[in-house]
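User: I'm new to reading protein models and would like to learn feature by feature. Could you walk me through this one?

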Amino acid sequence: MAKNKNLIYISIALVVFIVLAFLYSTPVFTGKQLFQHDIVQYRGGAKELLDYRADTGKETYWSDSMFGGMPTYQMGSRFEGDIIKKIDSYLNFLPRPVNYLFLLFAGFFLLGMVAVRNWKYALLGATFFGLSTYFYIIIAAGHNGKVNTIEYFAPLLAGIILVYIRKKYIWGFIVTTLFMGLQIAANHPQMTYYLFLALGFLFLSELVRTIQKKTPLKHFLISSGIIAASCIIGVGMNSQRILANSEYVKETVRGKQILANDSHSPTKSGMDKESILMWSYGKLETLNLFIPRLMGGGSQEPEGKEMMNRVQELVQDNVTSQAEMDRISKGFGGMTYWGDQPGTSGPAYQGAIVCFLALLGFFFAWKKYSYWILSASILTILLAWGSNFIILSDFFIDFVPFYNKFRAPSSILVVVELLFPFIAMLGLYRFFTDRQLAQEYKQKILLYVSGGTLGLILILLLFGKPLLGFYTENEKLYLPPFLLDYLTDERFKLFKIDAIKAFMYVAITAVALFMTLKHKLSQNIALIIIGVVSLFDLWTVNKRYLNDDNYVDKIFAEHPFQTESSDLLTEKVQGNPNLESILANVNVNKTLETIAEKDKTHYRIFNNILGTFSETNTSYFKSSIGGYHAVKLRRYDDVINEYFQIMDSVKVPNLLNLLNAKYWVVGGPEQPQTIPNPHANGNAWFVSNLKFVNTPNEEIKSIGLIDNKKTAVISASDKEYFTGKKIETDSTAFINLTKYQPNELEFKSQSKTPQLAIFSEVYYPHGWKMFIDEKEVPYIKADYFLRAVHIPEGNHRIRMIFEPEVIEKGKWLSLFSFGLFIGLGILGIFWMNKKKKELVEETA
């Protein structure tokens, strides 16, 4: 009976989560979809991949759409036999973003049921976690892989707790393995990495408890073995994805550095330190977890437009010289953000009530939880400070494996956003239910923590201006007093509103808890009050960053690269800033479409209007010199940094010729111009001269200076390739592209002498195979980042095929791992049921 009753409550909770998710996302009822910046960029960059899949029913693991060509492993490629990803798609069955919100709620509810075995507290904790503001900010931005990964944080932790603390080995193995697999399948290694930094403290906590003999050694060893096996099998179910990405990442900006300069060293791997630490959270900014607009919230808060209008009026009334105007321009950043980061979409707000209850939780929760959660929270907050706590960051970058593969340390606060709701739920549960906690102790801690929290808010309200400043150092340096005073006054008003709200929310919660201690309020009523106030708090803050304005008609969400303007489009765009880029780029898109329709051969376009290396409009219509992707190939990124940061009028065209940029799009968004480039080298060409260089630095600098139609720059390490291979000039020789698919290119060549062919295809040492007349031959790197092959005299057919061996190898490992998971799970359940029957028979 009790079991059936519990199932009813669980079912009701799941329905509540679905209702909450739909209520937050009401535009989906009318067929509208989220308009997400990163997903728009994805649609452009993945167009060639998606078209190939639609046309052939097969998958290509290489695409030429962006950055001269790159693997599609991080562009939405699918893997045959990827069962765990299919399970992920089944779980995300609801429309976006309802699916994300539901799984955030439901996953934490599972964690709550495992930890406290009480649906009321699990339900409350789920709203604490599922309404964390950061999740809504990344959903609005289109970081779907990130939020998809975070969905599985809580249930993975639930599985580990089932094993370590609940001693439910079989169910713990099943839950841990399943959600480990789903975690990896969601494909955001950075989020998973941060989670495991925190889980390391759970392991250390259990080890210490074993040493202190609070936990039997046998249990610790069995549990650790089960968790290790679960993680290995969960990883194994993603073998294709992991093997492909691990092979790929070595050649990207996250892998080994090639050049030697101020920011790079061939002895190091990963990104340069400046890139890693660019988005470092400020020390005081950490209080944004508690007060959302302590540092102004996001760079584009709604109040920003009104503030900017007033600033313009003040400037017109007070500025009398161009020199003063230039000085003011240097000082301006964001109207509504004055923190340490270059900019931000919003604060990592956890909720005033959640933070308050988390502080209480560290006193009230069981020590087996509180110690490791506190340690993990402190570490992740310190790491989020990045360059603002450089000693720790330097240590992690230099000595902790893989830490230097990831940028934006502020995003590590996702760990706090999991652990604060968890410790808040645990503390609240024990506060209400555990009789071992003395009444006097509860009252004392509640008094001290609530008094200290409310006192802190009062101090910030009374002395906030001198303490927080409400301006950046740059603003203080360049802005005149009349502007600085206006900004600080307006920003203080923004902060004051949120601080007063935080004071009220904490006070209501504290009073509710005090009244239950005095038996003037029932536990259930107190939980309802806390839940409703917290829900209202987080809901209203989240609506600043993900609201109805983020939804657009389906046609715009699925086809954001419009090529025709119309009255209907103009009408739809008006009042919706998310759609302004669609209207603004119509003429550029039309230009790109016209080029692609008139010239259907294979080439690349250099788009110098929209920001070459931060747009995928070009990629949607044709292969692009640029693109938008966080994991570019290292050699291509080196070329971008070497040549395109400073647009040299001689060197840049030389590079564009190498990359077969047949057309340039220049001018402005209103009147784009197409410039044919008759000097483009084509898809392949023969060279008669070789320039051998000793270092990568010499190699990359040479390619901007040589006549690359006649000469190729070759690394001295590839000299051996030419042993026994002659290269002689033949003015009549030619090599032409006869067939193009993203993963297969075919060329026809004719020459009276042996030649070295240079291909306008980015060099990637894994998976590409070169054939001359169907015989596989070795190829080398030329001109720092392109492919080259020696071709004998005569007429020949040359083919390049991308067939990564890791895909087939990974498929069988994935299938084996999933089969092992199913087999062990079935055996475990069978053994568990057998033991139950034996126990029943013994007691009968």
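User: Let's start with charged pairs. Which residue forms a salt bridge with Glu303?

Analyst: The general idea is that side chains of opposite charge can pair when their charged atoms come close. The cut-off used here is a side-chain nitrogen of Lys or Arg within 4 Å of a carboxyl oxygen of Asp or Glu. In this structure, Glu303 pairs with Arg293, and their closest N and O atoms are 3.2 Å apart. Glu303 and Arg293 both lie in the loop between helix H14 (273-276) and helix H15 (304-318), so the pair ties together parts that are 10 residues apart in sequence. As for the labels, helices (H or I, at least four residues) and strands (E, at least two) are DSSP runs, numbered from the N terminus.

User: Before we go on, what kind of model is this?

Analyst: This is a predicted model: local features need pLDDT of at least 70, side-chain atom pairs count only at pLDDT 80 or more, and totals for chains, interfaces and linings use all residues. Residues are numbered from 1 along each chain as its sequence is written, and side-chain values use heavy atoms, with hydrogens and water left out.

User: Is Arg293 buried or exposed?

Analyst: Here's how to read those words: buried means under 20% relative accessible area, exposed means over 50%, and partly exposed is in between (1.4 Å probe, protein chains only). Arg293 is buried, with a relative accessible area of 4%. Its partner Glu303 comes out at 28%, which counts as partly exposed.

User: How many salt bridges does that rule give?

Analyst: The count comes to 31. Another one joins Arg799 and Glu744, at 3.0 Å from N to O. Arg799 is in strand E18 (residues 794-802) and Glu744 is in strand E12 (residues 744-751), so this pair ties together parts that are 55 residues apart in sequence. Arg799 is buried at 13% relative accessibility, and Glu744 is buried too, at 18%. These two also belong to a network of salt bridges that links Lys739, Glu744, Glu746, Glu774, Arg797 and Arg799.

User: What about a pair inside one helix? How far apart are Glu206 and Arg209 in helix H11?

Analyst: They sit three residues apart in H11 (residues 189-211), which puts about one helical turn between them. Their salt bridge has its closest N and O atoms 3.3 Å apart. Glu206 is buried, at 1% relative accessibility.

User: Now for sheets. What is the order of the strands in the open sheet of four?

Analyst: In general, strands of a sheet pair through backbone hydrogen bonds, either parallel or antiparallel. For two strands to count as paired, DSSP has to find at least two bridges between them. Here the order is E8-E13-E17-E16, with antiparallel pairing. E8 and strand E16 (780-782) are the edge strands, each pairing on one side only.

User: How many bridges join E13 to its neighbours E8 and E17?

Analyst: Four bridges join strand E8 (residues 684-687) to E13, and six join E13 to strand E17 (residues 786-791). To trace them in the model, find Ala684, whose bridge partner in E13 is Phe759. On the other side, Ile758 has Ala788 in E17 as its bridge partner.

User: Why is E13 described as largely enclosed?

Analyst: Eight of the eight residues of E13 (residues 755-762) are buried, so the strand is largely enclosed by the rest of the structure. Both faces are covered: Gln755, Ala757, Phe759 and Glu761 are buried on one side, and Leu756, Ile758, Ser760 and Val762 on the other.

User: Last topic: backbone oddities. Which peptide bond is cis?

Analyst: Most residues other than glycine have a negative phi, and most peptide bonds are trans. In this model, the bond from Arg96 to Pro97 is cis, with omega near 5°. Pro97 is in the loop between helix H4 (83-91) and helix H5 (98-115).

User: And where does Arg117 lie?

Analyst: Arg117 lies in the loop between H5 and helix H6 (119-130). Its phi is positive, about 55°, although it is not a glycine. Arg117 is exposed, with a relative accessible area of 57%. Glu774 also has a positive phi, near 70°, and is found in the loop between strand E14 (768-772) and strand E15 (775-777). Glu774 is partly exposed, at 43% relative accessible area.
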